[in-house]
Amino acid sequence: MIDMFSLALSHSLLLLAFWRLRSRDDLDEEAEPGMAHRSSGFARQNDGQ
Amino acid sequence: MRDIFFLVFLLASLFLAIKRPFLFILVYCYVDIVAPQRLSFFLLNQVPLSLIMFGLAVIGWLVGDNKKGMRGDHLQVVIGLLLLYCGISTIYADFPVEAQDKWSWVWKAMVWSMFLPLVLRTRLRLEAMALTMVLSASALAITGGLKTATGGSGYGSLQLLLDDNSGLFEGSIFSTVAISIIPLILWLARHGTIFNARTDNLHHKLVWGFAICLVFACLLIPVGTQARTGLVCAALLFIFGLRDSKYKMRYLAGVVALGIIALPLVPSAFAARMSTITSHQSDESASTRVAVWKWTWDYALDHPLGGGFDVYRQNELQVTKVIVRDSGGQITREEVPYTDKARAFHNSYFEMLGEQGFPGLAMWLYLHLVCFIRMESLRRRYKAVTDPDQEWIRPMATAMQGGHLVYLMGAMFVGIAFQPFIWMIIALQIGLHTYVKRREQEARWRPLAVQLGNAPAGPEGVGVVPLEPVASRPSSASGWKPQAR
């Protein structure tokens, strides 16, 4: 009984975590430091945009 | 029933991983820790599950993962060298068959440890890895904690999901691991974004509720397994927690109060076993351990390059057991000599020395020392940051350092030099180090690029990337500043 409860709880949380990770863009790509707000003008050209 | 449960879980996880190949890597970590193929009765135990997951993880990464931001580190080279050394020592081992057995799981743990830092290139991946390790370990911790709390305990008799006293399912080993993950559990509760306690009140209650219960379950593992190692590790953890505690006297008072409250609840067998920590003469296991360590030192002097895995099998120890008898008021002390054979190391340092010699021990110690120093360096450099993009770094470094120290303490009493869990912790530390280093390097580029353009105000009102963290700014405006070394 205790074993099943432990397995059920831990594995449900794992599956929930995997599910949530699936929809997170920052899992694979992060904004570069300072890139999060976009500057304009020459700076944008220097950014290589 | 259990088999279907694991099968459904694995299939569901693999299905989710198709869209996100990184999840294959997390699933492999889970399989390595929980070992569902060992817990299975008929379905999975026929399948080389570990190997399949390993293959899927690597192929998933090769094919599906963006290699951008990937960084190497010299510690991975050191792990590679140690791996090579162990491979060679296996070929020339004193016990080739047994050495081959141990090698069959050691090489995987070390290769995985070399590979992991390459994929841990975002903050979320670091957190996801830590969370997967903690939740996987919780499968054993919850059952162990609950069984202890409801009365089932005893050295060697607490069944952690499986009636097999080996690997992570062994009492002393899991005691050490359970205590070592406590700092990470608390870090995940405080700084986690996958299960975010700061979302709303309900999340706060659920996340912290689970975290506190899990911490208690982990603290009960040494009680339930009656492993003295666990008690020593818990003591170290409490001292470690004192270091960063803002209210040291209150912390100390809290720990003492906890001890006083817990004392009547502790089973007498546990108390009796714990009391043997200080008197080693009347305890067979401790005196034999010291004899093994002496034997290993002598063996290493004769064989400085080591004797391969499981070299302890050849030891024969002359030990003296002291029996104290009280017969009708008269106390007699009898010294009984006996021969103990093939006694295991019960110590990871001597395990390395005996099996891989001085070079192997040196490489292994170097790895642990550098990881410790790096985490300490991160703690100091990121002490004063308030930027949400960086404020999680010092606590994570602290949590991993704490867990690592607990492991190194437990390693003085158990032969866990090659325990896969600790190799994952090492990989996580290398990953954190290389991640922070890369972000700092990128930050050095950013301000130059923007300043050259002389940009007018952007959408958030700032033209130049702010180097100092700006108060009340949402986390999207990150101000990474190369931290003074």
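**Figure 1. B:Tyr312 counts as buried because its relative accessibility is 15% (buried means under 20% relative accessible area, exposed over 50%, and partly exposed in between, with a 1.4 Å probe and protein chains only).** This is a predicted model, in which local features need pLDDT of at least 70 and side-chain atom pairs count only at pLDDT 80 or more, while totals for chains, interfaces and linings use all residues. Residues are numbered from 1 along each chain as its sequence is written, chains are lettered from A and ligands numbered from 1 in the order in which they are written, and side-chain values use heavy atoms, without hydrogens or water. B:Phe345, whose relative accessible area is 4%, is buried.

**Figure 2. Two edge-to-face ring pairs are shown, that of B:Trp61 with B:Phe115 and that of B:Tyr312 with B:Phe345.** Over all chains, the structure holds 16 aromatic pairs (rings of Phe, Tyr and Trp, the last by its six-membered ring, with centres within 6.5 Å; planes under 30 degrees apart are stacked, over 60 edge-to-face, the rest tilted). In the pair formed by B:Trp61 and B:Phe115, the ring centres lie 5.0 Å from each other, and the angle between the planes is 80°. B:Trp61 belongs to helix H4 (residues 49-64) of chain B, and B:Phe115 to helix H6 (residues 96-119) of chain B, so this pair ties together parts that are 54 residues apart in sequence (helices, H or I with at least four residues, and strands, E with at least two, are DSSP runs numbered from the N terminus). Both B:Trp61 and B:Phe115 are buried. For B:Tyr312 and B:Phe345, the ring centres are 5.6 Å apart and the planes meet at 75°, so this pair is edge-to-face. The pair joins distant parts of the chain, 33 residues apart, since B:Tyr312 sits in the loop between helix H14 (284-302) and strand E1 (316-327) of chain B, and B:Phe345 in the loop between strand E2 (330-341) and helix H15 (348-381) of chain B.

**Figure 3. Ring pairs link six named residues of chain B into a cluster.** The members are B:Tyr28, B:Phe54, B:Trp61, B:Trp107, B:Trp112 and B:Phe115.

**Figure 4. B:Cys86 and B:Cys233 are cysteines without a disulfide partner.** With a disulfide taken as a pair of cysteine sulfur atoms within 2.5 Å, the count over all chains is zero. The closest cysteine sulfur to that of B:Cys86 belongs to B:Cys371 and is 16 Å away, too far for a bond. B:Cys86 counts as buried, at 0% relative accessibility. B:Cys233 is likewise in no disulfide, and the nearest cysteine sulfur, in B:Cys218, is 12 Å away. B:Cys233, too, counts as buried at 0% relative accessibility.

**Figure 5. Two exposed residues of chain B are B:Cys213 and B:Ile91.** B:Cys213, found in helix H10 (residues 201-225) of chain B, counts as exposed at 55% relative accessibility. In sequence B:Cys213 and B:Ile142 are 71 residues apart, while in space they are 8.7 Å apart, taken from C-alpha to C-alpha. B:Ile91 is placed in helix H5 (residues 74-91) of chain B, and its relative accessibility of 64% makes it count as exposed.

**Figure 6. B:Lys102 and B:Glu355 form a salt bridge that links distant parts of the chain.** A search of the whole structure finds 18 salt bridges over all chains (a side-chain nitrogen of Lys or Arg within 4 Å of a carboxyl oxygen of Asp or Glu). In the pair of B:Lys102 and B:Glu355, the closest N and O atoms are 3.0 Å apart. B:Lys102 lies in helix H6 of chain B and B:Glu355 in helix H15 of chain B, 253 residues apart. B:Lys102 is buried, with a relative accessible area of 10%, and B:Glu355 counts as buried at 1% relative accessibility.

**Figure 7. Helix H15 of chain B holds residues of two further salt bridges, among them B:Glu376 and B:Arg379 as well as B:Arg381.** The closest N and O atoms of B:Glu376 and B:Arg379 are 3.3 Å apart. These two residues both lie in helix H15 of chain B, three residues apart, about one turn of the helix, and both B:Glu376 and B:Arg379 are buried. B:Arg381 forms a salt bridge with B:Glu440, their closest N and O atoms being 2.7 Å apart. B:Arg381 lies in helix H15 of chain B and B:Glu440 in helix H17 (residues 420-453) of chain B, so this pair ties together parts that are 59 residues apart in sequence. B:Arg381 and B:Glu440 are both buried.

**Figure 8. A network of salt bridges links residues of chain A and chain B.** Its members are A:Asp25, A:Asp28, B:Arg20 and B:Arg125. Chain A has two helices and zero strands, and buried residues make up 35% of its 49 residues.
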